[in-house]
Amino acid sequence: MATKVNQDPKKRTSAATNLIAGGGAGMMEALVCHPLDTIKVRMQLSKRGRVPGQAKRGFIRTGVEIVKKETALGLYKGLGAVLTGIVPKMAIRFTSFEWYKQLLADKQTGIVSGQATFFAGLAAGVTEAVAVVTPMEVIKIRLQAQHHSMADPLDVPKYRNAGHALFTVVKEEGFGALYRGVSLTALRQGSNQAVNFTAYSYFKKWLYEFQPEYVGQNLPSYQTTLIGLVSGAMGPLSNAPIDTIKTRLQKSVAQPGESAIQRITKIAGEMFKQEGFHAFYKGITPRIMRVAPGQAVTFTVYEYLKQKIERTGPAALTGGSTAEAKL
């Protein structure tokens, strides 16, 4: 039997609220957590550990080497691409999740089951992957993969910034290169958001049941942060191999006559043969350290901004929801 999640179908979070609150939450997440994402990408691209005489590097050593060779700004490579796409990404995530939830709600009661929440999160993740995330990550990974020093003006990289990387990739490899790995990105984002929204929804529901005095208003920020942290850690644990293969696929240049499935199979096969099964989980530590607090920041800031906007901002004109109605 599916567990029911309370939902008032007449009260929805407006698109304007999702744009402002979601965008603000996403920008805060990116600024706080991007260095860990850069370390994760470098670890996923590294083939050390299977080469004689080269010891594998952990996330701390990887981060230290980036700072040592490329300065602390090296940890923020690709941030421009992330900030450019973060507002539409978060707006699409929350707006589409809300829309899919309403679509899957019981037509008679308006109640959204746990299963419906899972599939709404899955669909929202796929939607954001196709609309924004894949092109954004292709550019971000190309920038993060460059080992140039940010302090040396003579060390000119191939991609100077997000705009130049976008122009260069499209010019040299065609527009389709921006969607390299879209199937894996959609699978990763879909599974991430399915697990994330479902876990967050249940945690939030249980907290309201144990604390009825908060019904109709936001939970305390520390509780939102905690359940966002826990739910955020679940996605990376479930799809780490997908993310690692995706990173290597998006960093590489496509070979003529080679299909996407052939490239994916080739990358996976070479990883297993040359580096072993553990290679599929490279970067899992910084990824969890980035995604889990990232989701904690996202949900906490989103809930806070949403409440403020619905009380005083443009959402009041378009029918905002209560804090409880969102999830």
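Here's a quick briefing on a pocket, a bent helix and some salt bridges. The model is predicted, so local features need pLDDT of at least 70 and side-chain atom pairs count only at pLDDT 80 or more, while totals for chains, interfaces and linings use all residues. Residues are numbered from 1 along each chain as its sequence is written, and side-chain values use heavy atoms, with hydrogens and water left out.

**Bent helix**
- Helix α4 (residues 114-144) spans only 38 Å between its end C-alpha atoms, where a straight helix of 31 residues would span 45 Å at 1.5 Å a residue; helices here are DSSP runs of H or I, at least four residues, numbered from the N terminus, and the expected span is 1.5 Å times one less than the number of residues.
- At A129, α4 bends by about 55° (the angle between axes fitted to the seven residues ending there and the seven starting there).
- Of the 31 residues in α4, 22 are buried (under 20% relative accessible area; exposed is over 50%, partly exposed in between; 1.4 Å probe, protein chains only).

**Salt bridges**
- The whole structure has 20 salt bridges (a side-chain nitrogen of Lys or Arg within 4 Å of a carboxyl oxygen of Asp or Glu).
- E275 and R248 pair up at 2.8 Å, N to O. E275 sits in α8 and R248 in α7, so the bridge ties together parts 27 residues apart in sequence.
- E275 is buried at 2% relative accessibility, and R248 is buried at 9%.
- E275 also bridges to K282, with the closest N and O atoms 2.7 Å apart; K282 is buried too, at 12%.

Methods. Helix = DSSP H or I, 4+ residues; strand = E, 2+ residues; numbered from the N terminus.
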